[in-house]
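User: I would like a close look at one part of this model, namely a nonpolar patch on the surface. Please describe the patch, and then the chain to which it belongs.

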Amino acid sequence: MFNNKLKASLIHFLFSALLVGGFVAFALLVWYPDPILEISGLRNILLILVSVDLVLGPLLTFIVYNPLKKSLKFDLAAIIAVQLGALGYGMYTIYQGHPVYITYTVDRFTLVTAQEAKPETAKYPEYQVTTFGKPVYAFSAPPKDPEELSKLTLKVMSGEEPDIDQQPKYYEPFDKNQDAVLANKYSADKLQVDPANKEKLTAFLTKKGLTLEQSIFIPLAGKEKDVIWVWNKETKAPVGYLDINPWKV
């Protein structure tokens, strides 16, 4: 009997691992490139999803499995239904929380999630994207007309509209503004005042094989915490992040 239970539980585990593993791999590779998962606040949801579907489901199968039990099919169907329900909820939550845009506004990057994004309002085709794809870089620019800017400011302050980083109609092509973004960098001198931060900075640069002069530091505001995003000045691409709150340095 024990061997039958173990076999059934193992089969359940393998199918669950295939399904959950495929989704998790997709989420990490497409929706949550480093360091998005770390700052999104959804790491725990992902861990719960994995634990429920890879541990609880097979464990319940091991407990109830008995070939002679008349209600076995019903019991297994109930377990699978609960497992699929938990999986569906977890997948939907993770989908809603993933960034559609990584938007630069004033002096920082912010995440605009699938729940917040409105791609249909974008004026540039490159931002009229699907909310199921990987995050897209955007440059948020306030309106140049003083009257329009004044109206926008009042609407944002009253809560009638979200800030411009969440409004694709104010997005400008990132590649055309990338030099301005990288030029408006966070001062590296601030990172060397506190010994603990200086140690993190030194360890990071050593690990990445970079010098201070080759690095650009830009605040990245997340849903759970803010960090300092490090870009390579030569490649103009992110290379990692420092787990330091840029506003408390």
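Analyst: The account below begins with the patch and then turns to the chain as a whole. The model is a predicted one.

Four residues make up the nonpolar surface patch: Leu56, Leu59, Leu60 and Ile63. Together they present about 340 Å² of accessible area. One of them, Leu59, lies in helix α3, an element that covers residues 43-64. The relative accessibility of Leu59 is 44%. Because partly exposed denotes the range between 20% and 50%, this value places Leu59 in that class, neither buried nor exposed.

As for the wider setting, the chain contains 7 helices and 7 strands. Read from the N terminus, their order is α-α-α-α-β-β-β-α-β-α-α-β-β-β. The chain is more spread out than a compact globule, because its radius of gyration is 23 Å, well over the 18 Å that the globule rule gives for 249 residues. Along the principal axes, the C-alpha atoms occupy a box of roughly 75 × 45 × 30 Å.

Burial and contacts complete the description. Of the 249 residues, 41% count as buried. Among contacts with a separation of 6 or more, 63% join residues that are 24 or more positions apart. The surface exposed by the chain amounts to about 14,000 Å², and carbon and sulfur atoms supply 62% of that area. The patch formed by Leu56, Leu59, Leu60 and Ile63 is found on the surface of this chain.

Conventions. Residues are numbered from 1 along each chain as its sequence is written. This is a predicted model: local features need pLDDT of at least 70, side-chain atom pairs count only at pLDDT 80 or more; totals for chains, interfaces and linings use all residues. Side-chain values use heavy atoms; hydrogens and water are left out. Patches are made of residues with over 30% relative accessible area and no salt bridge: like charges are joined within 9 Å, nonpolar side chains (Val, Leu, Ile, Met, Phe, Trp, Tyr) within 5 Å. Accessible areas come from the Shrake-Rupley method with a 1.4 Å probe; for residues, only the protein chains shown count as cover. A salt bridge is a side-chain nitrogen of Lys or Arg within 4 Å of a carboxyl oxygen of Asp or Glu. Helices (H or I, at least four residues) and strands (E, at least two) are DSSP runs, numbered from the N terminus. Buried means under 20% relative accessible area, exposed over 50%, partly exposed in between (1.4 Å probe, protein chains only). The radius of gyration is taken over C-alpha atoms; the globule rule is 2.2 Å times the number of residues to the power 0.38. Contact means heavy atoms within 4.5 Å.
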